[in-house]
Amino acid sequence: MAAFASGFRPKGGPAKVMSLEEIQAAFENREREERKFWDAPITKATIAAELPFWLMIEPSEVELRVGDCPAKATIHQGLVAYHEGKFCLNSNNNLIAVVYDGPLPRSEQARVDSVESVVKRLMKTTVEFDIEIHESVIAAWIQRNSVLPDDNTKVSMVNLAMQYMSSLAYAHLPFINRLIYAYRSTSFDPFAFEVSEWDVPNWFIETEESFCIVNLMPYKSLDSSPDVGVLGESNRSRYLATTPEDVQAQANTELMAGKSQILDAKSLLIRGRFSEAIRSAVTAIEVSVETKTRDLLLSSGFPNEQVEAKLAETKMDFFERLRRLQMLIGRRIPGPRVFWDWLNDDSDDPPLAPYLNGVQLTRELDAVRRIRHEIVHRGLGVSIFDRGPALRAIETMSWLFEWLEPNDPFGEETEHYAFYSTMRGQFPLEASFTKDGVRMREPKMDLENDVVFPKDSLIVRYRQSLEGDLPDPDVFAAMTLSALAVSYSDADPSNEQSRLAHEQLWAKIGGRDTLVFSLERGTRLDANAVSRLIQRKRNAEIGSGRRLRGLVFLENANSLIQHDGFEELFRENLYSLQLADITLVDANRVMGCILAMDNYGWDQQWIIKKLSQPGFSDCIPDVFSAIGNVKRPLPRHSAVSISMNEDSRFKSGDRLMFLVSNRFIEFTPPTIQVEQESVERVDGPVDFGAEVPDGIPAIKSGWVAYTRQASGGSAVTKPD
C-alpha cells in the first residue's frame, strides 16, 4: 500500500531473479535496518486532521479516553492551509504548512520561501493530538523523494515509515469519534457524523523541523484517475473499470433484486462503515431469496394468492425458505472444490484451498444474520479495528449472492478485485493503547508460526475439518477425494434434511459411481440409520437405472465397532451394508491414510481399494500385515521391543507401521536384534528389538505392529 501510494515503480527492464544466497543476504540486511529503525530515539510531535465539517464551538482542549488510554484533543478553528503551486489539491499532496493566518513561524516561513508560489485555503475544524514518534520515521519520510527505486533497503524503510505513520493516524480515529460523539450529544448538530478513514483520509505529523503528509486511503491520495502498467515497464495507462456499452446496457434494464444492496455493502465496507455494510449485505440476501422464490413459483404456474401464502409460511424461518429455494432451483448451495493435487510440493503448481461450501455458507449466513440482529435491535457498533470480520461477512454474503444469481457474477474473484484492494488503506502495524497514550508496537516475527506454506495451511484445514470446534464433514470428504484424484460433484438438493437420508456428493471410485455420505460428528449408526442409508442407495439406483456403490464417512466408526459392548444386532446391520455394496469407514482413519500419502509415500490406489471394500473397512492398506504387538518401548536405547506372532516374519529393510487415532507411524529400523544380537531376519514366535530412528513419535506398549516388506509382498508366511 505505501509503495503504491508514494509512487515507487520499477524503472524499465524485467524483474531481477535473486539467488537463495541473495535472498538470505537481503533478509539479514533488512533485519539490521529494521532493528535500527525501531531502536531510534523517541521525539515529541503532533498529529492532526481536518474534519469534513465544522465543530461549532470555540477553539479549546478536550480530555478524551478510549479504554484506559488518555489523549488530549486540541480543537482548532480557522487554520489556513498553504499549498505549493496554483491549486489546493484534495489529496493534500502539495500541502506544505498549516498555521493560523498572519505572520508565519520560522519553520513554516522557510518551507513557504522554498517554493515558487503558494495558494492559501481556509480549513474546517482541525483536531490535533500530542504524540511521541521514532526519529527514524521522520528521517525516512524526508528522504522519500530522493530514494532510487532500485535501492531496496531505503525503499523498504520509507515504506515502513509510511506504514508507521498511517497506522498511528488510524489509531487516533477512536479519539476523533469520541470527541464527535460528545459534541453531537450536546450540540444536536445534524451535520456532524461519525467518521472513518474514508472521511478523514488526510493527516499531517509535525515536529519542530519537519512537516509530514499522511494519507490513509490511496484512492484519495490521487489527484487524477488511477492508472496501471506492466511490472518492469514505465508506460502507464488510465484504468478502465467498464465500458460505455455495458453501462448503457445496464441503464436500459432494472437491477436484479438485492444487487443494489450488495453493491452498497461493498462500498460501505470500503468506507469503513462496517455496521451498515453488514446490515446491507444480509438485506441483499433476504431480498434476493424472496424475489427468486416468488418468481420461480409464479413461473411454475402457481397463482399469486398461493405464491404469497407459500412465502408467508416461511416468513419467520429464513433457512427453511432458503432450503425450499434450493429445491426450486435444483441446485444445492455449493460444496467445496479442491484441486486433486492439494498435497503437492511443486512450487510452480501450488495447491489451492477449498472455497466456502454449503455447510460453511449456512453457518456464515447464520452468524452474519445474528450480527445484523444485534446491530439493528441492540445498537451494536462494529469497531473500525474489526475490518477482518466485516470483510469476511461481506465476502461470504457476496459469494452466496453470486450463487443465487449465477448469470450476474461480480464476486471477489473478478479482475477488478485486486486493483480495488490496492486503492483502500491497509494498516499493517499495530498500536498499543496504553495508560501513557497511543504507542506504536514493533512487530515481532515468529518464524515458526508466522511463515506458513500453502500445503501446510491446507493440511491444518484438513485436520480442522474433523478436529476443529466447527467440524465440516463436506470439506473433509471433498479434500479426501481430491487427494485421491477421485472426481466428484455436488449431490442434487433434497427435501430430506438428514445426512443419513441423502448423499452429499457423487463420486467415481474404482470406476464405479458412488454415493458419498459425510456424516456429522456424533451420528449414531443404529439399525434405523443403516436402513436409511440402504434405502437411499436403492432409491438412487431406481432413479438412475444403474448399480451404484455407497461410501459412508463417519468419524467415530472404529470406536462404535471395536468396543467391548458391540451388539450382535449391529453386526447384522454391517452385514446388510456389505450386501448393499456400501462401505463404512472411520473418517479419522481415512485422514491418517491421506496424510501418510504425504509423509510416507503411500500409494493412493491402496486407499481407494479399501474405500471400495463393501461393509466396514479398517482402511489399513493390504500391503501391511499385523505381525505382533509392542512388548515395551525402550527409549533409552532408541528402540522398541516387539512380540512377534507365530508364522510371521520380519527382515532387514522391511518397514514397521503403527497407528494411533488418525495418525500412522512408519519407518524402516536401521537394525533389528534378537537377544542383543543383530540379525537380518526374524521368524515368529519371538521377541525382537527394532532400532527407532530419530524424530519418530513415542511408541507405546500394546500397540499392534504392522509391517510392509521392502518388496511390497505379504509379511505373513503361510505354513506348507
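This passage describes salt bridges, a buried cysteine and a nonpolar surface patch in a predicted model.

A search of the whole structure finds 43 salt bridges. Three of them are described here in turn. In one, the side chains of Arg-372 and Glu-286 meet at 2.7 Å, N to O. Arg-372 belongs to helix α12 (residues 358-378) and Glu-286 to helix α9 (residues 274-299), so this pair ties together parts that are 86 residues apart in sequence. Arg-372 has a relative accessible area of 15% and is therefore buried, the limit being under 20%.

Helix α9 also holds Glu-290. This residue forms a salt bridge with Arg-321, with 3.5 Å between the closest N and O atoms. Arg-321 sits in helix α11 (residues 318-329), and the pair links distant parts of the chain, 31 residues apart. The two partners differ in burial. Glu-290 counts as partly exposed because its relative accessibility is 32%. Arg-321 is buried, at 10%. Both residues belong to a wider network of salt bridges, in which Glu-290, Arg-294, Glu-308 and Arg-321 are linked.

A further salt bridge joins Arg-546 to Asp-513, the closest N and O atoms being 2.8 Å apart. Arg-546 lies in the loop between α18 (527-544) and β17 (549-554). Asp-513 is placed in strand β16 (residues 512-518). The pair links distant parts of the chain, 33 residues apart. Here the arginine is the partly exposed partner, with a relative accessibility of 38%. Asp-513 has a relative accessible area of 18%, so this residue counts as buried.

Attention now turns to a cysteine. Cys-593 is located in helix α21 (residues 587-600). Its relative accessibility is 0%, so Cys-593 counts as buried. Beyond its neighbours within four places in sequence, Cys-593 is in contact with Trp-602, Ile-607, Cys-619 and Phe-664. Cys-593 and Arg-663 are 70 residues apart in sequence. In space, their C-alpha atoms are 7.9 Å apart.

The last feature is on the surface. Leu-20, Ile-23 and Phe-27 make a nonpolar patch of about 330 Å². Ile-23 is part of helix α2 (residues 20-39). With a relative accessibility of 31%, Ile-23 counts as partly exposed. This value passes the patch criterion because residues with over 30% relative accessible area are admitted.

How values were computed: Residues numbered from 1 in each chain as written. Predicted model: local features only at pLDDT ≥ 70, side-chain atom pairs only at ≥ 80, totals over all residues. Heavy atoms only, no water. Helix = DSSP H or I, 4+ residues; strand = E, 2+ residues; numbered from the N terminus. Buried < 20%, exposed > 50% of the residue type's maximum accessible area, 1.4 Å probe, protein only. Contact = heavy atoms within 4.5 Å. Patch = residues over 30% accessible without salt bridge, like charges linked within 9 Å, V, L, I, M, F, W, Y side chains within 5 Å. Areas by Shrake-Rupley, 256 points an atom, 1.4 Å probe, with all protein chains shown as cover. Salt bridge = Lys/Arg side-chain N within 4 Å of Asp/Glu carboxyl O.
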